[in-house]
Amino acid sequence: MDDRVTYFSVRGMEWPLCYSVGAQSEIAKRCGGIENLGILLQEKDLTALLANIVWVLAVLMKYGALRVNVLKRMEGSDERTPEPPVYDELLALIDVSDAPACQKAVMECLQAGNSTTVNTEKSSKKKAARSS
């Protein structure tokens with residue numbers, strides 16, 4: 001299981017989301033820098049806010065499907081995740097009432113993409129017993 005990938009359901013179909021370097025770069029271009037993403041996701045105008053959330057969701061879905069497919073190909077699998085809906089298609093599929101779920105999915109994906117994973121291995125050396 002890939003801990004960098006989260007999932008979001010659109011009309012009953014689960015789509016992978018991934019906040020990768022590619023997604024970050026695409027989002028940064030639109031925001032004028034990744035540090036401005038918060039401004040994009042806190043827009044005061046409801047219509048603009050929904051459009052921004054759906055746009056970010058579309059980017060995360062694009063890179064989620066790409067990551068899953070690359071990893072499957074690296075494992076030798078012929079199975080592929082279908083192309084996710086693009087921004088305009090998501091606007092048609094997502095209702096206003098879905099906005100909180102969309103925003104939650106975006107935030108969960110951003111957190112997963114920013115998490116730090118530390119892999120450790122057990123040492124084969126035994127620690128010497130201390131004598132007092």
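A residue is termed buried when its relative accessible area is under 20%. In the predicted model analysed here, Cys-18 has a relative accessibility of 1% and is therefore classed as buried. Cys-109, at 0% relative accessibility, likewise counts as buried. The two residues are not bonded to each other: the cysteine sulfur closest to that of Cys-18 belongs to Cys-109 and lies 6.0 Å away, which is too far for a bond. Cys-109 accordingly takes part in no disulfide, its nearest cysteine sulfur being that of Cys-18. A search extended to the whole structure returns zero disulfides.

Cys-109 is one of the buried residues of helix α5, among which are also Ala-99, Cys-102, Ala-105, Val-106, Leu-110, Ala-112 and Gly-113. Viewed down the axis of α5, the buried residues fall within an arc of 165°, so they line one face of the helix. An α-helix has 3.6 residues a turn, so residues three or four places apart point the same way. On the face of α5 turned away from the buried side are the exposed residues Pro-100, Lys-104, Gln-111 and Asn-114. The cover over the buried residues of α5 includes strands β1 (5–10) and β2, together with helices α2 and α3. Helix α5 comprises 16 residues (99–114), and the distance from its first C-alpha to its last is 23 Å, close to the 22 Å expected at 1.5 Å a residue.

A corresponding division into faces is found in helix α1 (residues 21–31), whose buried residues are Ala-23, Ile-27 and Cys-31. Seen along the axis of α1, these residues fall within an arc of 60° and so line one face of the helix. The exposed residues Val-21 and Lys-29 are carried on the face of α1 turned away from the buried side. The buried residues of α1 pack against β2 (13–18), α2 (37–40) and α3. Just after α1, Gly-32 adopts a positive phi of about 75°.

Helix α3 spans residues 46–74 and contains Asn-69. With a relative accessibility of 13%, Asn-69 counts as buried, because the limit for that class is under 20%. Beyond its neighbours within four places in sequence, Asn-69 is in contact with Arg-80 and Thr-81. As regards Thr-81, its backbone nitrogen lies 2.6 Å from a polar atom of the Asn-69 side chain.

Note on methods. Residues numbered from 1 in each chain as written. Predicted model: local features only at pLDDT ≥ 70, side-chain atom pairs only at ≥ 80, totals over all residues. Heavy atoms only, no water. Helix = DSSP H or I, 4+ residues; strand = E, 2+ residues; numbered from the N terminus. Buried < 20%, exposed > 50% of the residue type's maximum accessible area, 1.4 Å probe, protein only. Polar contact = N/O pair within 3.5 Å; in protein donor to acceptor, adjacent residues only side chain to side chain. Contact = heavy atoms within 4.5 Å. Arc of directions from axis to C-beta. Expected span 1.5 Å × (residues − 1). Disulfide = S-S within 2.5 Å.
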